[in-house]
Amino acid sequence: MTGFMTKHLLTVLTTIAVLMIGGVSVFAQDGDDMNVEALTEEFWTFLQDSNYEYNWAYEPGVTQGFYEGQEPHGLRLKSFANPIAVNAAGSGLDTFPLGSFLVKENYTPELELASYTIMVKMQEGYAPDSNNWFWAKYQPDGTVDASGQVSGCIGCHGQAEDNDYVFNASLSSGN
C-alpha cells in the first residue's frame with residue numbers, strides 16, 4: 001500500500017470513528033430507511049462539538065476566510081472541509097470518500113451569520129441519484145430549514161456532477 005493510500009485510509013477510519021463516537025452514523029440501509037430528523041440533529045451536534053473552524057481546513061479551491069458567494073447561500077461565505085474531504089481533493093478519485101464533511105457558513109453583506117449548510121458523504125445506497133450526499137441547512141441557532149435529500153441542493157449541485165456534486169474542492173489531480 002502506498003503512503004498516500006495508507007494516509008488516506010487512516011484519515012477515513014479516524015473520521016468515521018469520530019463520527020461514530022459522537023453518535024453520528026454515516027451508515028444507513030438506504031435513504032428511505034433513515035430517520036432524517038435524527039440524523040440532522042446528530043450532524044448539528046457533531047458540527048457544534050467538532051470546532052471545525054479551528055480543527056478543519058478551509059475547503060480546497062476557496063479563499064481562506066471570507067469569499068464572495070451567491071444565492072441561495074449568501075453574498076459572503078466561509079467554507080471548511082474535514083480531513084477526509086481535504087485529502088480527497090486533488091487525489092484523482094472519482095468520488096469523495098465516505099465521511100467527507102463540508103461546511104459552508106453563509107453570511108449577509110453586513111457579515112452577520114445567516115445560516116450553515118452542510119454536505120456529508122453517506123454510505124453507498126443512501127441517495128444513488130446524488131452520489132450519496134446528505135444535505136442540510138441550519139439557522140445559527142440550529143433550527144433546521146431543510147435536510148436529507150434536498151431537491152434544491154441536488155438540482156444546483158448537479159451542475160458539478162462530474163466532480164461528485166462539489167463545486168470548489170476538485171477531485172482532479174490536475175488542479
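Does Asn51 count as buried, exposed or partly exposed, and at what relative accessibility? Select Asn51 in this predicted model and keep the question in mind: at 38% relative accessibility, Asn51 counts as partly exposed, because partly exposed covers what falls between under 20% for buried and over 50% for exposed.

**The whole chain**

Before going further, colour the chain by secondary structure, where five helices and seven strands should appear, running from the N terminus in the order α-α-α-β-β-β-α-β-β-β-β-α. Of the 175 residues in the chain, 44% are buried, and the chain exposes about 8900 Å², of which carbon and sulfur atoms supply 50%. Among the contacts with a separation of 6 or more, 53% are between residues 24 or more positions apart.

**Helix α2 and the residues at its ends**

Select residues 36-50 next, which form helix α2; its 15 residues reach 21 Å from the first C-alpha to the last, close to the 21 Å expected at 1.5 Å a residue. Show the side chains of Leu39, Thr40, Phe43, Trp44, Phe46, Leu47 and Ser50, which are buried in α2. Looking down the axis of α2, you will find that these buried residues fall within an arc of 165°, so they line one face of the helix. In general, an α-helix has 3.6 residues a turn, so residues three or four places apart point the same way. Turn to the face of α2 that points away from the buried side, and there are the exposed residues Glu37, Glu41 and Asp49.

Glu41 merits a selection of its own, since at 55% relative accessibility it counts as exposed. Its C-alpha atom is separated by 8.6 Å from that of Val144, although the two residues are 103 residues apart along the chain.

At the N-terminal end of α2, select Asn35, which caps the helix with a side-chain oxygen that lies 3.2 Å from the backbone nitrogen of Glu37. Beyond the other end comes Asn51, in the loop between α2 and α3 (52-55), with a positive phi of about 50° although it is not a glycine. Most residues other than glycine have a negative phi, and most peptide bonds are trans.

**Tyr58 and the cis peptide bond**

Move on to Tyr58 in strand β1 (residues 57-58), which counts as partly exposed at 27% relative accessibility. Leaving aside neighbours within four places in sequence, Tyr58 is in contact with Thr63, Gln64, Gly65, Ser79, Phe80 and Ala81. A polar atom of the Tyr58 side chain lies 3.5 Å from the backbone nitrogen of Gly65, and the C-alpha atoms of Tyr58 and Lys104 are separated by 9.7 Å, with their positions 46 residues apart along the chain.

Then select Glu71 and Pro72, which are joined by a cis peptide bond with omega about 15°; Pro72 lies in the loop between β2 (67-68) and β3 (76-81).

**The salt bridge and Tyr165**

A search of the whole structure finds one salt bridge, and to see it, select Lys121 and Asp164, whose side chains meet at 2.6 Å, N to O. Lys121 lies in strand β5 (residues 113-121) and Asp164 in the segment after α5 (151-157), so the pair ties together parts that are 43 residues apart in sequence. Both Lys121 and Asp164 are buried.

Finish with Tyr165, also found in the segment after α5, where phi is near 70°, a positive value in a residue other than glycine. At 5% relative accessibility, Tyr165 counts as buried.

Conventions. Residues numbered from 1 in each chain as written. Predicted model: local features only at pLDDT ≥ 70, side-chain atom pairs only at ≥ 80, totals over all residues. Heavy atoms only, no water. Helix = DSSP H or I, 4+ residues; strand = E, 2+ residues; numbered from the N terminus. Buried < 20%, exposed > 50% of the residue type's maximum accessible area, 1.4 Å probe, protein only. Contact = heavy atoms within 4.5 Å. Areas by Shrake-Rupley, 256 points an atom, 1.4 Å probe, with all protein chains shown as cover. Expected span 1.5 Å × (residues − 1). Arc of directions from axis to C-beta. Polar contact = N/O pair within 3.5 Å; in protein donor to acceptor, adjacent residues only side chain to side chain. Salt bridge = Lys/Arg side-chain N within 4 Å of Asp/Glu carboxyl O.
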